[in-house]
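The exercises below are meant to be worked with the sequence and the coordinates at hand. Please try each task before reading its solution.

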Protein chains: 2
Amino acid sequence: MPQGRPAAVPDDGLTTRERRNRPLVIVHTGEMKGKSTAAFGLALRAWNQGWPIGVFQFVKSAKWRVGEEAALRALGRVHAETGEGGPVTWHKMGEGWSWIQRPGTEADHAADAREGWEQIRRDLAAESYGLYVLDEFTYPMKWGWVDVDDVVATLRDRPGRQHVVITGRDADPRLVGAADLVVEMTKVKHPMDAGQKGQRGIEW
Amino acid sequence: MPQGRPAAVPDDGLTTRERRNRPLVIVHTGEMKGKSTAAFGLALRAWNQGWPIGVFQFVKSAKWRVGEEAALRALGRVHAETGEGGPVTWHKMGEGWSWIQRPGTEADHAADAREGWEQIRRDLAAESYGLYVLDEFTYPMKWGWVDVDDVVATLRDRPGRQHVVITGRDADPRLVGAADLVVEMTKVKHPMDAGQKGQRGIEW
């Protein structure tokens, strides 16, 4: 074997550079804290690269992600004012997706989730963002609101250099199969086990 | 059993409120990505609470954490300029801790690590921060540069409301025993397995 040639080269038709810079589908799953937290940590790196970041928050909660949202919105403002970093767009389900206005109508979470996914499809086709944070997106797939095969095919065929990170428990095996990087957050010890509930600054 | 009284109350001498708001020692360990990323994600929540954040970076690398550092420094500037969020202080080993000036001397990583830990001890005693990110701090403990029993005792006896998150592989069992929350980042799938190396915006 000639020196400097790796023993195994993936049969993917890519150059080494293309392979290195191939955009990733990342899944953070498992029962433990850290799935979304790590996704938002990843957004800090993307921001520093100047990539546009699109956050799509799929589960409604009064408290969840308020810290991350405030901080990432502040970083988006830093970009707008100084040019440092990249722009941040935050889409939140449950308060109505930002592109949908339906005042006075009943909440329909399944329809909201499908509309969110349709917007992501449009953004992927338009190459709107460098990093997509699809927070808690495993749940609408688990609950059958969004078709897993459609998600997998859309991610596989997305154009350009768009990284996608998906968080939530119970990631579908088809999604895991399609992903490049999958981390499972595993519990070793949780304060709840010692009778301590969640608190501000830690859980939200 | 009277209604509304939990079956088991921890024998810790704390009221429910005190127990709920008891500051945490958090450990992110395991072989997989996400340990530090999730710690910096946690820093976003702390920032939003207005807590002073102290980052102590224990392993030198040209690339590591440049994204997180730029973003958290930007958030620190937002705080300084507008009062939103909290202040951020970033201590980096390997470029010399910010409080040590020894130009022209040979690198001594063990001494650097011990000096870093001494500074953390002083900051804990002074209640300098609401959140301490001790990034890659498991390694100086693993390598015997910093005494684990001293770390455990210092964390146990720290005053006030100071949360501490420690990242890195191979967390010492004594540290795990002393922590309130321990997450293990477990590999399900990594791009390296498919011949893909790390890339900007994702790894740093």
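Four exercises follow, each with a worked solution.

This is a predicted model, in which local features need pLDDT of at least 70 and side-chain atom pairs count only at pLDDT 80 or more, while totals for chains, interfaces and linings use all residues. Residues are numbered from 1 along each chain as its sequence is written, chains are lettered from A and ligands numbered from 1 in the order in which they are written, and side-chain values use heavy atoms, with hydrogens and water left out.

**Exercise 1. Confidence in chain A**

Determine where in chain A confidence is lowest and where it is highest.

Solution. Begin with pLDDT, the predictor's confidence in each residue, from 0 to 100; chain A averages 86, and 85% of its residues score at least 70. Next, compare the elements, where helices (H or I, at least four residues) and strands (E, at least two) are DSSP runs numbered from the N terminus. Confidence is lowest in helix α1 (residues 16–20) of chain A, with a mean of 69, and highest in helix α6 (residues 148–156) of chain A, at 98. Finally, turn to residues 1–5 of chain A, over which pLDDT stays under 50 and for which the model has 2 contacts (heavy atoms within 4.5 Å) beyond four places in sequence.

**Exercise 2. The buried face of α6(A)**

Find which residues of α6(A) are buried, and explain why they line one face of the helix.

Solution. Apply the burial limits first: buried means under 20% relative accessible area, exposed over 50%, and partly exposed in between (1.4 Å probe, protein chains only). The residues of α6(A) that are buried are V148(A), V151(A), V152(A), T154(A) and L155(A). Viewed down the axis of α6(A), these buried residues fall within an arc of 165 degrees (taken from the directions from the helix axis to the C-beta atoms), so they line one face of the helix. As a last step, identify the partners: the buried residues of α6(A) pack against β1 (25–29), α4 (109–126), α5 (138–142), β5 (163–167) and α7 (173–178) of chain A.

**Exercise 3. The sheet and its strands in chain B**

Establish the strand order of the open sheet, then examine β2(B) and its pairing.

Solution. Two strands pair if DSSP finds at least two bridges between them. On this basis, an open sheet of 12 strands with mixed pairing has the order β3(A)-β2(A)-β4(A)-β5(A)-β1(A)-β6(A)-β6(B)-β1(B)-β5(B)-β4(B)-β2(B)-β3(B). Its edge strands are β3 (88–92) of chain A and β3 of chain B, each of which pairs on one side only.

For β2(B) (residues 53–57), 5 bridges lead to β3(B) (residues 88–92), the two strands running parallel, and Q57(B) has K92(B) as its bridge partner. A further 5 bridges join β2(B) to β4(B) (residues 131–135), again in parallel, with I53(B) partnered by L131(B). I53(B), V55(B) and Q57(B) point one way from β2(B) whereas G54(B) and F56(B) point the other way, and all are buried.

**Exercise 4. The setting of H91(A)**

Decide whether H91(A) is buried or exposed, and find its polar side-chain partner.

Solution. Locate H91(A) in strand β3 of chain A. H91(A) counts as buried because its relative accessibility is 5%. Its side chain makes a polar contact with the side chain of Y129(A) at 3.4 Å, where a polar contact is a pair of N or O atoms within 3.5 Å; within protein, one must be able to donate a hydrogen and the other to accept it, and residues adjacent in sequence count only if both atoms are side-chain atoms. Lastly, H91(A) and F58(A) lie 33 residues apart in sequence and 8.8 Å apart in space, C-alpha to C-alpha.
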